Amino acid sequence: MDRDSYHNCCSLVKIPRQSYEQFWSSHFVDYIEKELSYSKFLKKYLLPNHPCMFSKRFTEDWKCRKQWVTEEGKPNFQKLLQQFDETPVPVANCNAKEYNANPKQIIPFKEFIHYWKEYIQNGHSSPKGCLYLKDWHMSREFPEHNVYTTPVFFSSDWLNEYWDTLEVDDYRFVYMGPKGSWTPFHADVFRSYSWSANICGRKKWLLYPPGQEDFLRDCHGNLAYDITAPELQDKGQFPHSDEACQPLEIIQEAGEIIFVPSGWHHQVYNLEDTISINHNWLNGCNVDIMWQFLQNELSAVQREIEEWRNTMDSWHQHCQVIMKSCSGIDYSEFSSFLKIIADNRMSFLTSCTGSSPPSYTHQLSETLATLGLQHAAFDLQRVAHILECMLCNEDFKRLDHSTLSSQPESLLQQIKQTIHSTRGQHCLYQE
């Protein structure tokens, strides 16, 4: 990342985002045909939170584009079976609805491939419904396969860095689905960014800029399940649907990578038999959106159980428990998340001064080195900003801070000291 970009970024307290009005009547996103600098990607897409598409040249060297795909551009079932055979995989039924999503079951990979072959032979239909292998943690289960490389544009990935440190989960997925399989209307976990690469096949994306989803709720406040369904035209059910802009419709071809920004709700269709690789990720450019999402989630829980506020001594604690069960994280874990991200960058900056060796994995070391000192300093400033916001938040103040993995005030002071002591390295210290 170039120094000017980070001087500009680090002078910002709150990242300004441009209006999304340009997307209300547009059916086009920027198409990146050739090499783009990370600095330009950050300024044109990450910071303003705008989508774009990368051409197939960015995936042409991936092993999976050769091993998983036939010469005709179709899924190579034989090669896939050789690699994964009895592996248990999560499979959703696109014809069934359960809590605004598709119910899943775990079946052997070879059983899904057998179904997929029959589905194709029967004219893309089956009495079992339309099954879709999705949210499969293939890279975590088979790290030795090394079938793709995360493009540098998406490598500042705090979400997977955190889960890799805990060694319990990740947000890197493989999707495999027949023609006609689809994903209902949603926004990504924690309002993270996502990127999705088609290994083979084609997808149709329907995207709405942040805020438009509020018009696509029913009279009870529930988000639409299928934005193409006829009932959305029923003013009794969806009173504000006609106020929403038209979705941004994008066709993604084989080999292409789409960047989906934070909080952009979307619905996705497989137009052909398709395999894709998807990552959810976030970093210093959108961690403020995640923090706002968590505050909104907690407020929603508080409204739901408001009537018991005065009857429970531990009401605020229960709100955190319910919030974590619904969204997957609470304020305490978010604090731990920020600490791990900050610790890694403080270790990186101090190791560059020669004062101490780094205390993280070789892979993370390579990523931080590629992104550079300025990026690490920018990350620390963003963590510091969120910590300052949290320390002013009344709900966060009510937590039992003795149970936190670190004290936010102490971490904030450490960050400021590190930025100050290493400012000769990154030239970003703000008086």
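The following dialogue examines selected residues and one helix of a predicted model.

Guide: In this predicted model, local features need pLDDT of at least 70 and side-chain atom pairs count only at pLDDT 80 or more, while totals for chains, interfaces and linings use all residues. Residues are numbered from 1 along each chain as its sequence is written, and side-chain values use heavy atoms, with hydrogens and water left out.

Visitor: What makes Cys 64 count as buried or exposed?

Guide: Buried means under 20% relative accessible area, exposed over 50%, and partly exposed in between, with a 1.4 Å probe and protein chains only. Cys 64 has 0% relative accessibility and therefore counts as buried.

Visitor: Why is Cys 64 not bonded to the closest cysteine sulfur?

Guide: A disulfide is a covalent bond between the sulfur atoms of two cysteines. Here the term requires a pair of cysteine sulfur atoms within 2.5 Å. The closest cysteine sulfur to that of Cys 64 belongs to Cys 200 and is 9.5 Å away, which is too far for a bond. A search of the whole structure finds 0 disulfides. Cys 326 is likewise in no disulfide, the nearest cysteine sulfur being that of Cys 319, 11 Å away. Cys 326 has 57% relative accessibility and so counts as exposed.

Visitor: What is the burial class of Lys 117, and where is this residue?

Guide: Lys 117 has a relative accessible area of 35% and is therefore called partly exposed. Its place is in helix α5, residues 109-121; helices (H or I, at least four residues) and strands (E, at least two) are DSSP runs numbered from the N terminus.

Visitor: Which residues does Lys 117 contact, leaving aside neighbours within four places in sequence?

Guide: Contact means heavy atoms within 4.5 Å. On that basis Lys 117 is in contact with Phe 77 and Leu 81, neighbours within four places being left aside. The C-alpha atoms of Lys 117 and Phe 77 are separated by 8.4 Å, and the two residues are 40 residues apart along the chain.

Visitor: How do you know that Asp 330 has no salt bridge?

Guide: A salt bridge is a side-chain nitrogen of Lys or Arg within 4 Å of a carboxyl oxygen of Asp or Glu. Lys and Arg count as positive and Asp and Glu as negative, whereas His and the chain ends are not counted. For Asp 330, which is buried, the nearest side chain of opposite charge is Lys 324, at 4.6 Å. Asp 330 lies in the loop between α9 (315-327) and α10.

Visitor: What about Lys 203: which side chain of opposite charge is nearest?

Guide: That side chain is Asp 135, 10 Å away; Lys 203 is buried yet has no salt bridge. Lys 203 is found in strand β9, residues 203-208.

Visitor: Which side chains make polar contacts with that of Lys 203?

Guide: A polar contact is a pair of N or O atoms within 3.5 Å; within protein, one must be able to donate a hydrogen and the other to accept it, and residues adjacent in sequence count only if both atoms are side-chain atoms. The side chain of Lys 203 is joined to that of Tyr 132 at 3.2 Å and to that of Asn 270 at 2.9 Å.

Visitor: Why is helix α10 called largely enclosed?

Guide: Of the 22 residues of α10, 17 are buried, so the helix is largely enclosed by the rest of the structure.
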